[in-house]
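Here's a small set of exercises to work through with the model open in your viewer. Try each task before reading its solution.

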Amino acid sequence: MPVKYVIHTKTVPHRFEPVTRSGVIAWEEGCLKCAVCVKTLCIYHVYDHRGLNAYQMIDSIDNECMNCFRCVQSCPKELIHKSVNPEFEAIGDGYWTPNIISRLWYQAETGKIPVSGAGYPGPFSGPGFDSMWTDMSEIVRPTRDGIHGREYISTGVDIGRKPICLTFNREKKLQSEVTGVINIPLPIMLRVPSFGSITGETVNGWAMAAKRLATMLAVPEEEMSPDLEDFAANIIPIVKEKSLRNANVSGQHPVVEIDTTAAAAASREDTVTAGPDRITVVIIPLEEGIEQRALELVEKGFSVLHIEGSRQSTFLDNPSLSLKDGIRAVHLKLVEENVRDQVTLLASGGLAMAEHVAKAIICGADAVYVDFPLLVALECRMCQRCTKDLSCPVHIEEASPEWVALRTINLLGAWHNQLLEVMGAMGIRDARRLRGEAGRAMFFEDLDESTFGSLGELKEGYELE
Amino acid sequence: MNSRKDFTCPEVVETPSRFRNPIGKYRLYRTDDCIACGKCVELCPYGVHVMRRGMVFVEHPYRCVGPDCPEPCYKACPENALSLKRNQDFDALGDFRWTADLLTSTWHMAEFGRVPSAGLEYKIGDSGGGFDKLRLVLPKSEKSSVAEDASGKPDMGLELNRRGDDAHRIRIPVPFYGGGMSFGSVSIHTMLSRVRAAAALGTFCCTGEGGYPDELIPYDDHMITQVATGLFGVREETIQRVKIVEFKYAQGAKPGLGGHLLGDKVTPSVARMREAVVGYPLFSPFPFHSVYSVEDHKKHVDWIKAINPKALVSVKVSTPTDVDMVAVGSYYAGAHIIHLDGSYGGTGAAPDIAKKNIAMPIEYALPKVHRFLEEEGVRDKITVIASGGIRTPHDIAKTIALGADGVCIGTADLVALECVRCHNCESGRGCARGIATTDPELMEQINDDWGTRRIINMYLAWIVELARILKRLNMKSIRELVGRTDCLVHLDYMQKES
């Protein structure tokens, strides 16, 4: 077996105190000065070394409190209370919720997967990826010695023009040349997000991470700098508004990404002469009718398509349709037309949690791009002040490339392990086999109506309770 | 009501919170304008105000029902000395599934043995789907009033052995029993409280996968012992000691992932019980490495039957897409009980990604299994138990109407012991409130008698509420409710014209 792919993580401390959900309100007025104050009994020692971060105005007790409510419920004068921190509630937006963002911070800091006690506290289902569940298998074991054992689960995928078959000569030697395919060890590629208080240093950090993770980083042409030459093999330049012929940046990049207009303008010969070795990714904006456009591009000779959804994981022209639906539509269209196996489908847009990677692949993507989680890994709060040329509250532009790289590796390490958990539970040992396995997922739209659709009758003389 | 002659339903013993300041939804503030006229003490039906030595105090603010109060003291006060405010601590509690209302109303049930009369939503949570969108359809009150007077208490009993084979005939007088929580994940006091409450009601409680502590031996007749993939603490005598043996194939909170007890919680007593090393994390692998088919599973069941021929065999599985096939396979392998564990329960540590995403909610799995077993013609030969996110008597009624015979309870027991759902059961020394911990200091916060009474009270409140629902439905037995989906309405699919 090939060498097992392991992402080594180590704790990389934050530069700013994270904003946390809970607040503690404790005052002294009326304090009885009990011989044994409830504050001294805190099992997390929250009150023992209380301090104020004067720069961020964060009280250490707010951040360290674990919400056990013991002090609240025991103070004889009821001088301690809990509240929900309004600053926490204000982070992010309706899609990039405070909870998602703070979990990303945790993963980027520790490299560990989020684990908690007690059952799932969240809503029953939700839009997009939240309306699907992944399967598990009662008796199929993923590997002989557990998901982290020696016999491992492969998360590797291939990007590029996949030959439909191989030919051999009489000497049983491989005759067909396999070019224009790269293998990445995890189905996640990095992508410079469309906003953020980032500099060349930040992009450098992400490039370092991409190289160490053996994956790719997509960089818009205008962000390319000479510093990135060391990482050329792991960089995908995103070329805009240029014809395919002119898109061949410098020759060192194995993959180039072009926009859909350039691809539409290209002729079939262009795609052939673009070089058999070079992989050309075509961005298709996620809009209604995308499956037809995808098919046209495939017929034209393009073999790597990148479905680009909105930052909220929806269609760009219709927020009620989700990326999940878009990927499924394209995947099924290509399956119907018998070309699916030659094509690589990439997806991006609002992929904010590790589960989104697994679910995007189940819907039919081969691999995904992550963009904003890379920024959140650097403590971003998705406040978008940078888009208005205002200062970044966590000064991402000052972060060193090494710190950027380590935080990114931690995040991807945690995501990789979570992907293993999901695949292990399903009994699937190869990420390539997860692709399009919609039968191993459960969809809200299929289940809810079929289970409850008939439960809608309220007869005369009856009432609901 | 019950076949056991020596069994009598226990009585409610009022059991207040173990904390000085119980949390309620409202707070009442009293200014110095108070002239201690005692009017509020007289008016309040809930005992919020207390007169002592010529002074009036807001002694039990958590009992206040706020604007729902029929005779609000803060309006009647001649001196305007009382003001009602919402308790901000209340708003910092709870989550979508266990809302602050559900937590405090469960605490109310555990204290008083009855559902809160006003002020709290004790029937549903706020998850926006499944149980929280299902409603019971009941005849309007006046229609059923005659029947209510005529009939006695509805029968809540549940026969667990429906195969009719040589194994024990066990009838539990209530349609629920306690789910598995291992020694290690919870303390011996928590276990004893749950087990003794189960024994008092004549039902059962499961040991979970952490061995069978000697303290539980007096309650053997009410124990279920678990045989799970790690086989921790499983010995011949533990299998022979009990009437029901449960195979745990998977659990709803982390389907397909096995169990994991973090090193910190492997204290000397836990290590001894599990025959392991102190401080080292313990993995319960996934799946059973000796079971790859229904035939292999039958071998397991036969093994239990060889050791304890009279034991009932329960099979606990999670809810994958093929859960219906798993259920019917379990029946043919000889199981008496199929226990479906949905994805929203769970009391130990689990990866967030697994809790949220892996396997389907019990609300979908249960009707699927019920229908499939009916089509196979074996539905009346096996007992279907559901668990995973069942919090209230209304959840129990809905679960049974969706096709279960009974339910398994876990988190609700812990909430009765004043769990606040802080989700830190797994970290460091374990539960700060002494419930899910084996830390010798922390676990002493729970007194066995207190815990037992709290859980009994909650169960009693549930029974009264379930009886009320059955009476409204004109049903004499809870058996009549099984699979009666016509007694349910899902709000999302409710026809507008009716």
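**Exercise 1. Pairing across the chains**

Task: Find the strand of chain B that pairs with strand S5 (115–117) of chain A, and work out the sense of the pairing.

Solution: Keep in mind that this is a predicted model.
- Step 1. The partner is strand S16 (residues 349–351) of chain B.
- Step 2. S5(A) and S16(B) run antiparallel, with 3 bridges between them.
- Step 3. For one concrete pair, pick Gly117(A): its bridge partner in S16(B) is Ala349(B).

**Exercise 2. The wider contact**

Task: Work out how many residues each chain puts into the contact, then break down the side of chain A that touches chain B.

Solution:
- Step 1. Chain A supplies 60 residues and chain B supplies 84 residues.
- Step 2. Now go through the elements of chain A. Those giving two or more residues to this side include helix H2 (70–74), strand S4 (80–84), S5, helix H10 (354–363) and helix H14 (444–452).
- Step 3. H12(A) gives the largest share of chain A's side, 6 residues.
- Step 4. Sort chain A's side by residue type and you get 29 nonpolar, 20 polar and 11 charged.

**Exercise 3. A strand, a helix, a strand**

Task: Take strand S16 (residues 367–370) of chain A, find which of its faces are covered, and identify strands that pair with S16(A).

Solution:
- Step 1. Start with the faces. In a regular strand the side chains alternate between the two faces of the sheet. Here Ala367(A) and Tyr369(A) sit on one side, Val368(A) and Val370(A) on the other, and all are buried, so both faces are covered.
- Step 2. One partner is strand S9 (residues 188–191) of chain A, which runs parallel to S16(A) and is joined to it by 3 bridges. Met189(A) stands opposite Tyr369(A) there.
- Step 3. Another partner is strand S15 (residues 344–348) of chain A, also in the parallel sense, over 2 bridges. In this pairing, Leu346(A) stands opposite Ala367(A).
- Step 4. Trace the chain from S15(A) through H10(A) to S16(A): this β-α-β crossover is right-handed.
- Step 5. Look at the connecting helix. H10(A) is mostly covered, with 10 of its 10 residues buried; among them are Glu355(A), His356(A) and Lys359(A).
- Step 6. Just after H10(A) comes Gly364(A), with a positive phi near 135°.

**Exercise 4. Into the core**

Task: Which residues touch the most other members of the largest nonpolar core?

Solution:
- Step 1. That core holds 275 residues, and the ones to pick are Leu305(A), Leu346(A) and Val368(A).
- Step 2. Helix H12 (residues 401–426) of chain A makes the largest contribution to this core, at 14 residues.
- Step 3. Apart from it there's another core, of 13 residues, including Leu28(B), Val48(B), Val65(B) and Cys73(B).
- Step 4. Back to Leu305(A): setting aside residues up to four places away in sequence, Leu305(A) touches Val282(A), Ile284(A), Ala294(A), Leu297(A), Val343(A), Leu345(A) and Leu346(A).

**Exercise 5. Two asparagines and a threonine**

Task: Are Asn338(A), Asn80(B) and Thr399(B) buried or exposed?

Solution:
- Step 1. Asn338(A) belongs to the loop between helix H9 (323–336) and S15 of chain A. Asn338(A) has 9 C-beta neighbours inside 10 Å, so it counts as exposed. Its phi is positive, about 65°, although it is not a glycine.
- Step 2. Asn80(B) is in the loop between helix H2 (73–76) and strand S4 (82–86) of chain B. Asn80(B) has 11 other C-beta atoms within 10 Å, so it is exposed. Here too the residue is not a glycine, yet phi is positive, about 55°.
- Step 3. Thr399(B) lies in helix H13 (residues 393–401) of chain B. Thr399(B) is buried because 32 other C-beta atoms lie within 10 Å.
- Step 4. Leaving aside neighbours within four places in sequence, Thr399(B) contacts Leu366(B), Ala386(B), Ile390(B), Ala404(B) and Val407(B).

**Exercise 6. Domain spacing**

Task: How far apart are the domain centres in chain A and in chain B?

Solution:
- Step 1. The domain assignment of chain A gives domain 1 (22–90) and domain 2 (157–448); their C-alpha centres lie 45 Å apart.
- Step 2. For chain B, the assignment gives domain 1 (26–86) and domain 2 (158–493), with 43 Å between the C-alpha centres.

Technical notes:
Residues are numbered from 1 along each chain as its sequence is written. Chains are lettered from A and ligands numbered from 1 in the order in which they are written. This is a predicted model: local features need pLDDT of at least 70, side-chain atom pairs count only at pLDDT 80 or more; totals for chains, interfaces and linings use all residues. A nonpolar core is a set of buried Ala, Val, Leu, Ile, Met, Phe, Trp, Tyr and Cys residues joined through C-beta atoms within 7 Å. A residue is buried if 20 or more other C-beta atoms lie within 10 Å of its own, exposed if 12 or fewer, and partly exposed in between; C-beta atoms are placed from the backbone. Helices (H or I, at least four residues) and strands (E, at least two) are DSSP runs, numbered from the N terminus. Two residues are in contact if their C-beta atoms, placed from the backbone, lie within 7 Å. Ala, Val, Leu, Ile, Met, Phe, Trp, Tyr, Cys and Pro count as nonpolar, Asp, Glu, Lys and Arg as charged, and the others, Gly among them, as polar. Two strands pair if DSSP finds at least two bridges between them. Domain bounds come from an automatic or database domain assignment. A crossover is right-handed if, with the strands pointing away from the viewer, the path from the first strand over the helix to the second runs clockwise.
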